[in-house]
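The following account leads the reader through one protein chain, from its aromatic contacts and nonpolar cores to its backbone geometry. It is best read with the coordinates open.

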Amino acid sequence: MHMFMATLSTETNTFSPVPTVYSDFQAYFLRHGTATQEPANLMTEALHLWRARAEALDWQVTESLTAIAEPAGLTTHAAYAELTGEILNDLRAAGQPDVILLQLHGAMIAEGEDDCEGDLVSKIRTLCPDAVIGVSLDLHCHLRDRLLEAADLVITFREYPHDDATPRAQELFNLAHRVLKGEIKPVMAMFDCRMVSLFLTKTAQMRAIIADINSIQATPGILSVSLAHGFPWADMPDTGARMLVIADGDPALAQRTARDIGQRFFEARNGLLPDYPNLDDALNQVEQAPSGPVVLADMSDNSGAGAPGDATYVLHSILNRGMANVASGLSWDSEAVQTCVRAGAGATVTLNLGGKAEPASGQPAEVTGTICAIKTGLGQHLGTGLEPLGTVVWHRLQGEVDLLINDLRIQVYHPEVFEQMGIALAAKHLVVVKSLFHFFSPFAAIAKQVIFCATPGRVNPDTRRIDYTRRDLNFWPRVDDPFASSDESSACKEG
Ligand SMILES: [Zn+2]
């Protein structure tokens, strides 16, 4: 047997004016067939697992491109053509592999191509009509017919924060192996839940949904169930959540099951809509908290959803209020990092920090402080994967306001970002992290309180306020029952 594998991953925020270019993949993670020679990150965990499984079976393995960029605006046509061209050329050179496994994002949009994953996998199918093609996606994907028609097997991560990439890759490998052995004949169906939101899977409500999915997956005839949450900040006609079911040779069972479990998810919707405080209310809560650390998520400046990562709204408010004993990170500002590197640790410098990348960044903040540390080559964990950080600077202002500034756009996933720099979070009253949800589990373990804050910025978590022009507005939570106007009142339709 011969297995071919590759990774192409970025999540496109169509509202961001900052294009995603080839050098953004180089800056984050770009390897030409060598990704599995390095420690795994979220989007290469699958490749490591698939290689190990294939080699244990004595299969030939062809590893192609791994290209990962931090989310931003549309990927340029040139970058998309270059990256997909490399995968397709590698595939032509590999001949006719028996199985092709891909770790893709599912929400990549390029100039002139709204459906990058569907486009790529269709081209792969044309080249290899007889191969078993399996695709693993981030759950923040746009699940579409073109991909389901081109692939044999599609699954998504199940957890948000994404701490299950390896078990999901294992599941995909097992299914592909069973197809190769002639044991199963997968058929896929999906159901449009008409929901556009964010779903943290660590809440009790979402644990119940996950338990439901797990139990359905264990029933006879069902091979796999995935809930694709969708990615709200993409103005696509089909943005939103989809329930995906793979059944064994029974299309009607796949459709019926996707509809049933999708409908149950929809019916649970009102327990899934948190009320996030605005910045002023959140900082009032912080000031009233008897003890710290209080962890505040600057949700709207999460670069992991395409925000700039250099927004200054929270910093300005903290300084205006004269708040002390604060740690905040990561602010993305390459210029400020260079200034600090030139000055060196121990120097006192004035920075015009952040507020530069795009209109949603706000205004720069003039801050004067001491450079306490400068470190390069550190990493931070997201699940078991290790993600890069670039060069990180610890800049300490009066009142023990400790700012972490770096030169690689990345959200904060783990307290080790601060701790490796020498900042003891346990002693802080307030810890600000630029992230939506991925930070949650490891920070909740050290926090007295976690506040999810709907800060001003590019990715405000209230999806009712997103200015769609291509996506119609008949979705929950914009309307309570988007199925009410259809011919099946408050029931669900196949999608
Ligand atoms: Zn995701």
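**Rings, cores and backbone**

In this predicted model, R31 lies over the face of F29, at 4.2 Å from the ring centre. A second arrangement of this kind involves R269, whose charged end sits over the ring of F266, 4.0 Å from its centre. Confidence in the model may be stated at this point: the mean pLDDT of the protein is 96, and 98% of its residues reach 70 or more. Residues 489–495 have pLDDT under 50 throughout, and for this stretch the model has 25 contacts beyond four places in sequence.

The aromatic side chains also pair with one another. The count comes to 15 aromatic pairs. One of them is formed by F439 and F452, with 5.7 Å centre to centre and 55 degrees between the planes, a tilted geometry. F439 belongs to the loop between β18 (430–433) and α13 (440–444), whereas F452 belongs to strand β19 (residues 449–453), so the pair ties together parts that are 13 residues apart in sequence. Are these two rings buried or exposed? F439 has 0% relative accessibility and therefore counts as buried; F452, with a relative accessible area of 16%, is buried because the limit for that class is under 20%. Both residues belong to a cluster in which ring pairs link Y160, Y276, F418, F437, F439, F440, F443 and F452.

Strand β19 also holds V450. This valine is partly exposed, its relative accessible area being 24%. Beyond its sequence neighbours up to four places away, V450 touches V295, F439, F440 and A444, and two of these contacts, F439 and F440, are members of the ring cluster. By contrast, the C-alpha atoms of V450 and W59 are separated by 47 Å, with their positions 391 residues apart along the chain.

The discussion now turns to the nonpolar interior. In soluble globular proteins, nonpolar side chains tend to be buried together. Here the largest nonpolar core has 79 residues, and those with the most contacts inside it are M3, W50, L404, F418, V433, F437 and F443. Helix α6 (residues 165–180) supplies the largest share of this core, seven residues. Where does the core lie with respect to domain 1 and domain 2? Domain 1 (2–271) and domain 2 (279–461) both give residues to it, so the core lies between them. The surroundings of F443 illustrate its packing: leaving out residues up to four places away in sequence, F443 touches V295, V412, Y413, H414, P415, F418, L425, V431 and V433. Apart from this core lies another, of 38 residues, among them F4, L83, L88 and V135.

Two further residues, E55 and T75, offer a contrast in accessibility. E55 is found in helix α2 (residues 45–56) and is partly exposed, with a relative accessible area of 43%. The C-alpha atoms of E55 and M3 are separated by 9.7 Å, although the two residues are 52 apart along the chain. T75 occupies the loop between β3 (60–68) and α3 (77–94), and at 0% relative accessibility it counts as buried. Which residues surround T75? Leaving aside neighbours within four places in sequence, T75 is in contact with T10, T12, T20, F25, Y80, M108, I109, A110 and E111.

Finally, several points of backbone geometry deserve inspection. The peptide bond from G292 to P293 is cis, with omega near -5 degrees, and P293 is found in the loop between α9 (279–288) and β10 (294–298). Another cis peptide bond joins G329 and L330, where omega is about -15 degrees; L330 is placed in strand β11 (residues 326–332). Positive phi values in residues other than glycine occur at D58, near 70 degrees, and at N325, near 60 degrees. D58 lies in the loop between α2 and β3, and N325 in the loop between α10 (313–321) and β11. How does the accessibility of these two residues compare with the class limits? D58, at 70% relative accessibility, counts as exposed, whereas N325, at 22%, counts as partly exposed.

How values were computed: Residues are numbered from 1 along each chain as its sequence is written. This is a predicted model: local features need pLDDT of at least 70, side-chain atom pairs count only at pLDDT 80 or more; totals for chains, interfaces and linings use all residues. Side-chain values use heavy atoms; hydrogens and water are left out. A nonpolar core is a set of buried Ala, Val, Leu, Ile, Met, Phe, Trp, Tyr and Cys residues joined through side-chain atoms within 4.5 Å. Buried means under 20% relative accessible area, exposed over 50%, partly exposed in between (1.4 Å probe, protein chains only). Helices (H or I, at least four residues) and strands (E, at least two) are DSSP runs, numbered from the N terminus. Domain bounds come from an automatic or database domain assignment. Contact means heavy atoms within 4.5 Å. Rings of Phe, Tyr and Trp (its six-membered ring) pair if their centres lie within 6.5 Å; planes under 30 degrees apart count as stacked, over 60 as edge-to-face and the rest as tilted. A charge sits over a ring if NZ of Lys or CZ of Arg is within 6 Å of the ring centre and within 35 degrees of the ring normal. pLDDT is the predictor's confidence in each residue, from 0 to 100.
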